[in-house]
Amino acid sequence: MTAILEVQQLKTRFKTDHGKVAVVDGVDFVIHQGETLGVVGESGCGKSMTSLSIMRLLPPNGSPEGKVLFQGTNLLELTEKQMQKIRGNEIAMIFQEPMTSLNPLHTVGKQIEEAILHHQKISKEDAKQRAISMLKAVGMPRAEEIYGEYPHQLSGGMRQRVMIAMAMACNPKLIIADEPTTALDVTIQAQILELMQELKEKTGTSIMLITHDLGVVAEMCDRVIVMYAGQVVEEADVQSLFEDPKHPYTIGLMNSIPDLKDEREYLETIPGSVPLTHQMPKGCRFAPRCSKAMPVCHEQPPELLALDDHKCRCWLYAEVDE
């Protein structure tokens, strides 16, 4: 399979009152052509910061290092002008909350049109027709009327469809979707995910889907990386991950999923919370919350090990290999 995006040893540091802290720390993964890669983990694990580092949309106090190879070109070495040609054209992003991503002063049609005109040499009329056809493609009723409406006139689900239409307008090779259904009710969530799946199958676009919802991962993804405290702790194809999770953190996430057939009175929880970036534990970052932690876990950070069909950052498997 052809790799569309290769992230190698990505480290994103922020200047803070506590000095420079790494919110993304040595992340590696590959997204292949036509593939959906899921990125999962709790809030504060570095999922969104990874995506913003790839897109070079970090705040001024953030700086990414390493390599982000998009079709062989390292995005971290490009100028801002060169990045502007890639953003929205070859790599598009769908944000979590469309109300803060859409400009309230412009109609939704003009905003989709602007993205098309910025990247493609076509007339305004052709751009308008393409914007309307994109609204139709994402299942928008009354597309011609909605073209002239403002974001506040639309429901949350319709605004998210506008965001997807905008993302798909220039036929990007990769879409980064950062929790695209979190702000929506369950019925609309299902429709949006189905729409993204249909568009992916039609166009062959690759998707990086950031979510904390493992149900969405099971439905949508081909492969999954699990992030914790700025690092990848497990990587596997979606079936292997659900059938045989390896890392204690992934197992904890799986055990916290409600099941209608389950007769337990309470769901399992993972004690504690994700450590603050300036207070990372000495050894394994998950050790303070892990029921299987051994003395070595508190002393030395584990490497990301290649197992049969997984990669896993855990001393449990290093012990087995020895």
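A crossing of two helices is right-handed if the near helix is turned clockwise from the far one by less than a right angle, and left-handed if anticlockwise. Keep that in mind for these exercises, which use a predicted model.

**Exercise 1. How do α4 and α5 cross, and which residues make the contact?**

Solution.
- Start by finding the helices: α4 covers residues 108-119 and α5 covers residues 124-137.
- Next, look at the axes, which come within 9 Å and cross at roughly 120°.
- An angle from 65 to 115 degrees would count as roughly perpendicular, and one over 145 as roughly antiparallel. The two helices are therefore oblique to each other.
- Now for the handedness: α4 passes α5 in a right-handed crossing.
- Finally, pick out the residues. On the α4 side they are G109, I112, E113, I116 and L117, and on the α5 side K124, A127, K128, R130, A131 and L135. Sorted by class, that gives six nonpolar, one polar and four charged residues.

**Exercise 2. Is α7 largely enclosed or not, and why?**

Solution.
- Get a feel for the helix: α7 runs over residues 156-168, so to speak 13 residues in a row. From its first C-alpha to its last it reaches 18 Å, close to the 18 Å expected at 1.5 Å a residue.
- Go through its residues with the cut-off for buried, under 20% relative accessible area. Among those that pass in α7 are G157, R159, V162, A165 and M168.
- Twelve of the 13 residues of α7 are buried, so the rest of the structure largely encloses this helix.

**Exercise 3. At what angle do α7 and α8 cross, and what meets there?**

Solution.
- Helix α8 is residues 186-203, and its axis comes within 10 Å of the α7 axis, with a crossing at roughly 15°.
- Angles under 35 degrees count as roughly parallel, so α7 is roughly parallel to α8.
- α7 passes α8 in a right-handed crossing.
- From α7, the contact uses G157, Q160, R161, I164 and M168; from α8, I188, Q191, I192, L195, M196, L199 and T203. By class, you get seven nonpolar, four polar and one charged residues.

**Exercise 4. How are α4 and α7 arranged, and how many charged residues does their contact have?**

Solution.
- The axes come within 9 Å and cross at roughly 20°. That makes α4 roughly parallel to α7.
- Again the crossing is right-handed, with α4 passing α7.
- V108, Q111, I112 and A115 of α4 meet V162, A165 and M166 of α7.
- Sort them and you find six nonpolar, one polar and no charged residues.

Technical notes:
Residues are numbered from 1 along each chain as its sequence is written. This is a predicted model: local features need pLDDT of at least 70, side-chain atom pairs count only at pLDDT 80 or more; totals for chains, interfaces and linings use all residues. Side-chain values use heavy atoms; hydrogens and water are left out. Helices (H or I, at least four residues) and strands (E, at least two) are DSSP runs, numbered from the N terminus. The expected span of a helix is 1.5 Å times one less than its number of residues. Buried means under 20% relative accessible area, exposed over 50%, partly exposed in between (1.4 Å probe, protein chains only). Axes are lines fitted to C-alpha atoms, for helices over the stretch in contact, and angles run from 0 to 180 degrees between N-to-C directions. Contact means heavy atoms within 4.5 Å. Ala, Val, Leu, Ile, Met, Phe, Trp, Tyr, Cys and Pro count as nonpolar, Asp, Glu, Lys and Arg as charged, and the others, Gly among them, as polar.
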